[in-house]
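These entries record what I looked up in one structure. I took backbone geometry first, then aromatic contacts, then enclosed space.

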Amino acid sequence: MKRTLFRLAATVAATLALVTVSTAPSQAAVPDRKGWVLYNAPGASTVASGTWPAATTVIPLAPAGRYQVVFPGQAAAGGVVHVTAINTVPHWCQVEAWGVSAADEIVILRCYKAGGFLDPTSFSAFFTSSSGLGAFGPYGYAFSSATGTVLNQYNSSGAANTVTPGPVGQYFVKFPGLVTGGPLDGSLQATAVNSGTGARCKIAKWSSTAAGQDVLVYCFNAAGAFMNTAFTVTYQYKVSLYGASIPPKYFGYVLNMPPVGPPTTNFNSIAGLSANTIVSAGAGLSLVTLPRIGFTPNTVQVTAYGPTPDFCGLNTFWGNFGPGPDIVVRDVNCFTSAGAPSSNGFLVSASSIL
């Protein structure tokens with residue numbers, strides 16, 4: 001059965017084909033396609049160390065705060081997109097739409113400052129699409145409509161992910177068959193998808209059970225009130241954020257609850273469990289170090305964790321330093337809906353092409 005993704009914004013609709021998604025599994029390797037970009041808004045340029053493919057481009061759109069990302073040669077049906085705002089001032093980014101244009105994957109993003117006003121900012125964005133049963137570990141994603149309809153999904157066990165809406169803005173996502181030791185394993189990323197208004201989604205909580213992963217996603221409007229919106233969510237366990245492993249050899253993730261979560265939520269592909277560190281760097285700021293995996297081009301994504309409407313992003317670009325090299329995130333920044341610093345929990349995921 002096929003479902004049509006969101007129609008892309010009118011400014012680019014003439015150049016894009018509508019995307020159709022088949023839920024029938026094929027035997028393609030995981031992933032089918034992938035791409036990520038690190039965008040420097042003040043310089044109006046991509047940053048090579050955080051961008052793959054190297055020829056990926058970002059075009060600012062009107063009104064200011066909207067962006068078109070072109071991942072060359074990465075066209076694929078379905079998939080998911082995640083994005084993290086990078087700014088010392090409270091900002092978040094969300095997905096407006098994505099689809100294919102010839103051989104390229106096109107993603108439209110919207111970025112907001114606290115208060116819900118579109119505003120230019122730097123960002124880190126990520127796209128992947130998978131099919132078949134080729135993932136190296138428990139891995140899956142889902143793109144859900146605001147009503148809980150799964151528009152496209154992937155599950156490395158071959159099972160079908162489900163989304164059940166609860167009260168306004170609350171969604172119960174099940175990844176059946178992605179079984180781990182429990183009670184809390186792996187990592188998650190969540191991103192709002194909304195073309196009309198500011199929206200944020202986060203991981204409220206999750207549990208690893210004998211049947212798979214049970215995830216509660218909360219979504220809010222700019223004022224911090226629960227709202228129904230489409231969203232993407234990705235689960236990973238000892239694999240990269242795009243579902244592959246060896247290669248890539250260099251990836252990791254860590255949960256700050258706070259404080260840092262159990263060892264099974266703190267994984268480093270080179271240094272093992274509990275190797276990644278989180279250190280307070282001031283009000284609402286956390287210095288995160290993922291040792292020995294800082295090989296470029298790589299990507300870092302952040303999602304807020306916990307039941308409040310607070311949101312998180314990056315203070316500035318991450319660095320790849322030292323003989324490791326180590327990924328140094330200086331810093332994850334978290335804010336209340338009003339833009340005040342917050343000690344909110346968060347999840348960080350880093351993946352390299354190598």
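**Backbone entries**

I looked up alanine 44 and noted that its relative accessibility is 54%, so the residue counts as exposed, the cut-off being over 50%. The model is a predicted one. Alanine 44 has a positive phi, near 50°, although the residue is not glycine. I placed alanine 44 in the loop that runs between β3 (33-40) and β4 (45-46).

I then turned to lysine 238, another non-glycine residue with positive phi, here near 55°. Its relative accessible area is 36%, so I entered lysine 238 as partly exposed. Lysine 238 belongs to the loop between β19 and β20.

Proline 248 lies in the loop between β19 (230-236) and β20 (251-256). I checked the peptide bond from proline 247 to proline 248 and found it cis, with omega near 0°. A cis peptide bond also joins arginine 330 to aspartate 331, where omega is about 5°. I located aspartate 331 in strand β28, which covers residues 326-335.

**Aromatic entries**

I counted the aromatic pairs and obtained 23. For tryptophan 92 and phenylalanine 311 I noted ring centres 5.5 Å apart and planes at 70°; the pair is edge-to-face because the angle is over 60 degrees. Tryptophan 92 is in strand β8 and phenylalanine 311 in strand β26, so this pair ties together parts 219 residues apart in sequence.

Are the two partners buried or exposed? Tryptophan 92 is buried, at a relative accessible area of 4%. Phenylalanine 311 is likewise buried, with 4% relative accessibility. I also found the charged end of arginine 200 over the ring of tryptophan 92, at 4.6 Å from the ring centre. Separately, I recorded one aromatic cluster formed by Trp36, Trp52, Phe126 and Tyr242.

**Cavity entries**

I searched for cavities of 30 Å³ or more, and the count came to 1. For the largest cavity I noted a volume of about 220 Å³.

Which residues lie nearest the centre of the largest cavity? They are Trp92, Cys93, Ala190, Cys201 and Cys312, out of a lining of 23 residues. I sorted the lining by residue class and obtained 13 nonpolar, 7 polar and 3 charged residues. At least two lining residues come from each of β7 (80-86), β8 (91-101), β16 (187-193), β17 (199-208), β25 (298-305) and β26 (311-314). I closed the entry with a cross-reference: Trp92 of the cavity lining is also the ring over which the charged end of arginine 200 sits.

Terms used: Residues numbered from 1 in each chain as written. Predicted model: local features only at pLDDT ≥ 70, side-chain atom pairs only at ≥ 80, totals over all residues. Heavy atoms only, no water. 1 Å grid on protein atoms, 1.4 Å probe; cavity = no way out; pocket = protein on both sides within 12 Å on 5 of 7 lines; lining within 4 Å. Points joined across faces, edges and corners; volume = space filled by probe spheres on them. Helix = DSSP H or I, 4+ residues; strand = E, 2+ residues; numbered from the N terminus. Nonpolar A, V, L, I, M, F, W, Y, C, P; charged D, E, K, R; others polar. Buried < 20%, exposed > 50% of the residue type's maximum accessible area, 1.4 Å probe, protein only. Phe/Tyr/Trp six-rings, centres within 6.5 Å; stacked < 30°, edge-to-face > 60°. Lys NZ or Arg CZ within 6 Å of the ring centre and 35° of its normal.
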